[in-house]
Amino acid sequence: MSDFWSTFGVDLHVDVDPASGRRSGLEHALRDAVRSGRLSPGARLPSTRALAAELGLARGTVSAAYDQLVAEGYFVARQGSGTEVADLAQRPPEVADAAVTSPVPLHDLRPGSPDVSTFPTTAWLRSVRRALNAAPADVYGYGDARGRIELRTALAEYLGRARGVLADPAQIVITSGYVQALSLLAGVLCRSGVATVAMEDPGGPPMYREVVRRSGLNIAALPVDERGARTELLVQRALPDVGAVIVTPAHQYPVGATLHPARRRTLIEWARAGGGLIIEDDYDGEFRYDRQPVGALQGTAPDHVAYVGTASKTLAPGLRLSWVVLPRRLVEPFADAKVHADHGTEALGQLALADLITSHAYDRHVRGVRLRYRHRRDLLVQRLDSRPANPAHGFALHGIAAGLHALISLPGSGPDEAELLARAASRDIAVGSLGDHWHGGAGPRMQGLIVGYGTPTERAYPAALDALAHLLGITSRRAR
């Protein structure tokens, strides 16, 4: 049905779709007319009797359509004045976030991600099927905000075996990624009276510091050198009022050092003496290439360490699955914070991961990608060893043989960090910048590039490595 009416000299064409019902079709047509501006704010509408006669509809149908659009705010019914079009403020169309819509760089060496193309799709599908076939009905309800008991049980066994973590399932809470775990921990600390948290300098991404600040905490910069975080400064009270410290002891990010044994002991002594909390970010502890991975700090002081692990590096960031092993005194306040944050992490992925772990498919996947990442790092090291003989013109790689990234410090002469990043962008190469990770006081700071050699696909990595070598002025090739 198609028709129009004339009001105040304006001819308004209205399409009514009988397929959706006469009243629904009229509502849709009128709603679209208001949204498009064909019916302008303040325009007086025909009476229900007049419009019904004009469109050949029952008056009750038109009245019901008017009432519905009054209820939705499109029309305004005024006593004695009839019905008018409401004044709906027109908003400009939203512009998509450039960070979301920006294209993936040709050579993506940004740190922080594994090669997501290696995700074990076949094994994951098997685990999903087994998990769903065996799942109790309550998996589709809200459930325990701490996470599914199946995953917490599997993690307690796996972390004890692979990372030396001491925990039972009751101490584990599943979170939606590391950032949520950090946010909840910071909130719990703030509510318990902690004022300041020490964070490594250089340390994790700036977003991590912002998460801590938004929870109401101050941040003290804990310097890092080739032996990891300088934990003696905590004992010496060089950083006053620190109630907690966030560290990456197995593989410091971004420098790449392992926390020296003496400094591990010092950190634990500090926590025991003053009741401080150590937050251990074990983001890539499974990936050590030259020896057995160093066990988690939590295993030596479970009452003073909140251990945070994640599937983001071993499997994929898109899973949004992380876990926190808490000292018993913090389980209840942390679980309460989780309830009020999101009422719990989605359950089906938890069941699939639990099956992947208990079936040992997770171990097999980790072993497989560990070999790939070790080979990629070896190729990067060989390429850097191809630098000119004069060390003043060379680049130094820092850190142990581990993880998914490498820090390359810049020589004293030659282009600085900003210039290299600009050159990289012009060649469609994306790398990390060490400058983003400093947050302490003024003074000389090392400059460098953070290369995420785990990020590209297997096929894309050789070309990305070539592009990086040319960026750094390394032309000879030894890697095979």
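**View 1. An open five-stranded sheet in the predicted model.** The strand order is 5-16-17-15-14, and the pairing is mixed. Strand 5 (107-109) and strand 14 (396-398) form the edges. Each of these edge strands pairs on one side only. On average, neighbouring strands of the sheet are turned by 35° against each other, direction ignored.

**View 2. The pairing of strand 14 with strand 15.** Strand 15 covers residues 406-409. The two strands run antiparallel and are joined by three bridges. Within this pair, Leu397 stands opposite Ile408 of strand 15. Strand 14 is an edge strand of the sheet.

**View 3. Helix 13 and helix 15 against the sheet.** Helix 13 spans residues 361-384. This helix lies across strand 14, strand 15 and strand 17 (448-451). Its direction runs at about 150° to strand 14. Helix 15 (residues 461-471) also packs on the sheet. Helix 15 touches strand 5, strand 16 (429-433) and strand 17. The direction of helix 15 makes about 85° with that of strand 5. Strand 17 is thus listed for both helix 13 and helix 15.

**View 4. A nonpolar surface patch.** Leu132, Tyr140 and Leu348 make this patch of about 310 Å². Leu348 belongs to helix 12, which covers residues 347-358. Leu348 counts as partly exposed because its relative accessibility is 39%, and the partly exposed class lies between under 20% (buried) and over 50% (exposed).

Technical notes. Residues are numbered from 1 along each chain as its sequence is written. This is a predicted model: local features need pLDDT of at least 70, side-chain atom pairs count only at pLDDT 80 or more; totals for chains, interfaces and linings use all residues. Side-chain values use heavy atoms; hydrogens and water are left out. Two strands pair if DSSP finds at least two bridges between them. Helices (H or I, at least four residues) and strands (E, at least two) are DSSP runs, numbered from the N terminus. Axes are lines fitted to C-alpha atoms, for helices over the stretch in contact, and angles run from 0 to 180 degrees between N-to-C directions. Contact means heavy atoms within 4.5 Å. Patches are made of residues with over 30% relative accessible area and no salt bridge: like charges are joined within 9 Å, nonpolar side chains (Val, Leu, Ile, Met, Phe, Trp, Tyr) within 5 Å. Accessible areas come from the Shrake-Rupley method with a 1.4 Å probe; for residues, only the protein chains shown count as cover. A salt bridge is a side-chain nitrogen of Lys or Arg within 4 Å of a carboxyl oxygen of Asp or Glu. Buried means under 20% relative accessible area, exposed over 50%, partly exposed in between (1.4 Å probe, protein chains only).
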